[in-house]
Amino acid sequence: MSVVEIKDVGKTFEGGTTALEGIELAIGEREFVSLIGPSGCGKSTLLRIVGDLIRPTAGTVRVNGKPAPQARADRDYGIVFQDAVLYDWRTVARNISLPLELARWNRRRRTGRVQEMLRLVELGGFESHYPWQLSGGMQQRVSIARALSFDPALLLMDEPFGALDEMTRERMNLELLRIWEASGSTIVFVTHSIAEAVFLSTRVVVMSPRPGRISDVIEIDLQQPRTAATREEPRFFELVTRVREALHLGSDLDRKLAAPAAEAQP
């Protein structure tokens with residue numbers, strides 16, 4: 001059974017802007033799938049539809065075999081945004097424990113799980129710190145720990161490293177792969193970076209300009225586990241080139257499809 005199953009999904013916003021059209025995608029257990037495409041192609045919209053933060057105007061989404069609203073109610077996934085969205089008045093430990101408090105875990109169970117998460121993201125010793133005392137990369141690790149605290153089958157990530165400098169971003173990519181391997185979660189990851197998508201993913205889903213469609217799905221056959229040296233391998237550069245070409249082809253195809261419609265306008 002697919003962890004995520006998207007069938008003929010479309011989204012038109014109030015005012016008539018069509019963001020997505022005819023999206024078909026299945027994501028299996030323990031996959032790491034990146035969504036990439038030009039700005040405004042609907043990557044984040046698709047992620048939010050999977051997370052039941054917005055509803056599609058056409059098609060269906062199932063997570064763990066359930067409709068997306070039910071999966072959200074059952075806490076089947078965690079979400080990490082570009083901004084860490086931590087509460088400044090709560091310590092690192094209390095930020096991580098927030099979903100567990102909402103789920104009414106008892107204090108002893110919460111404390112044990114928070115310690116597990118701190119070890120997972122390598123923030124042991126920082127549990128009593130506040131978000132404003134941490135670097136941007138450390139804040140994102142807290143956000144990831146919080147999203148994984150209740151052991152979701154699926155982790156949705158919307159450009160979580162977009163605001164970080166290049167060196168920190170590359171280090172966080174390695175951290176995320178380590179966490180993915182240790183947690184056993186399936187990850188759906190939105191990014192604008194071709195190199196980041198190739199380095200992290202088992203598959204890269206290439207989207208065309210608005211209305212967003214899936215123009216290609218590229219298998220990433222780089223050896224696991226990936227290291228800093230992976231970025232220097234010839235195969236890495238080959239796959240980066242392939243994704244880049246798919247993005248250009250998707251844009252060209254979209255323009256060709258749009259041309260007849262534009263010509264038909266009075």
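Start with the second largest pocket, whose lining residues divide into 2 nonpolar, 3 polar and 5 charged. Here Ala, Val, Leu, Ile, Met, Phe, Trp, Tyr, Cys and Pro go down as nonpolar, Asp, Glu, Lys and Arg as charged, and the others, Gly among them, as polar. Before you click on: this is a predicted model, where local features need pLDDT of at least 70 and side-chain atom pairs count only at pLDDT 80 or more, while totals for chains, interfaces and linings use all residues. Residues are numbered from 1 along each chain as its sequence is written, and side-chain values use heavy atoms, with hydrogens and water left out.

To see that pocket, select Ala93, Arg94, Ser97, Glu101, Arg107, Arg110, Thr111, Val114, Gln115 and Glu127, which line it. Its volume is about 150 Å³. A pocket is an open set of points on a 1 Å grid over the protein atoms alone, with protein on both sides within 12 Å along at least five of seven lines; a cavity is a set where a 1.4 Å probe fits but cannot get out, and lining residues have an atom within 4 Å of a point. Points are joined across faces, edges and corners, and the volume is the space filled by probe spheres set on them. Colour α3 and α4 (107–120), since each supplies at least two of the lining residues; α4 gives the most, with 5. Helices (H or I, at least four residues) and strands (E, at least two) are DSSP runs, numbered from the N terminus.

Next, the largest pocket. Select Gly78, Ile79, Pro99, Arg146 and Phe150, which lie nearest its centre among 18 lining residues. The space here is about 520 Å³. β6 (77–80), α3 (92–102) and α5 (136–148) each bring at least two residues to the lining, and β6 has the largest share, 4 residues. This lining splits into 13 nonpolar, 2 polar and 3 charged.

Now go to helix α1 (residues 43–50), where 6 of the 8 residues are buried. Buried means under 20% relative accessible area, exposed over 50%, and partly exposed in between (1.4 Å probe, protein chains only). The ones to highlight are Lys43, Thr45, Leu46, Leu47, Ile49 and Val50. Which helix gives the most to the lining of the largest cavity? That is α1, with 3 residues. β1 (4–12) and β2 (18–27) also supply at least two each. Show Val4, Ile6, Leu25, Ile27, Leu35, Leu46, Leu47, Val50 and Val188 to see the whole lining, which is 9 nonpolar, no polar and no charged. The cavity holds about 50 Å³, and the structure has 1 cavity of 30 Å³ or more.

From α1, step across to aspartate 158 in strand β7 (residues 154–158). Is it buried or exposed? Aspartate 158 counts as buried because its relative accessibility is 7%. Its side chain makes a polar contact of 2.8 Å with that of serine 44. (A polar contact is a pair of N or O atoms within 3.5 Å; within protein, one must be able to donate a hydrogen and the other to accept it, and residues adjacent in sequence count only if both atoms are side-chain atoms.) Beyond four places in sequence, aspartate 158 is also in contact (heavy atoms within 4.5 Å) with residues including Leu47, Arg48, Phe81 and Val190.

For the interior, select Ile144, Leu176, Val198 and Val243, which have the most contacts inside the 48-residue largest nonpolar core. Such a core is a set of buried Ala, Val, Leu, Ile, Met, Phe, Trp, Tyr and Cys residues joined through side-chain atoms within 4.5 Å. A second, separate core of 27 residues includes Tyr77, Val188, Val190 and Met207.

Finish with some backbone oddities. Most residues other than glycine have a negative phi, and most peptide bonds are trans. Select these in turn:

- Arginine 30, in the loop between β2 and β3 (32–36), has a phi near 70°.
- Aspartate 52, just after α1, has a positive phi of about 60°.
- Aspartate 151, in the loop between α5 and β7, has a positive phi of about 60° and counts as exposed at 54% relative accessibility.
- Proline 211, in the loop between β9 (203–207) and β10 (214–219), is joined to arginine 210 by a cis peptide bond with omega about 0°.
- Proline 225, in the loop between β10 and α8 (234–264), is joined to glutamine 224 by a cis peptide bond with omega about -5°.
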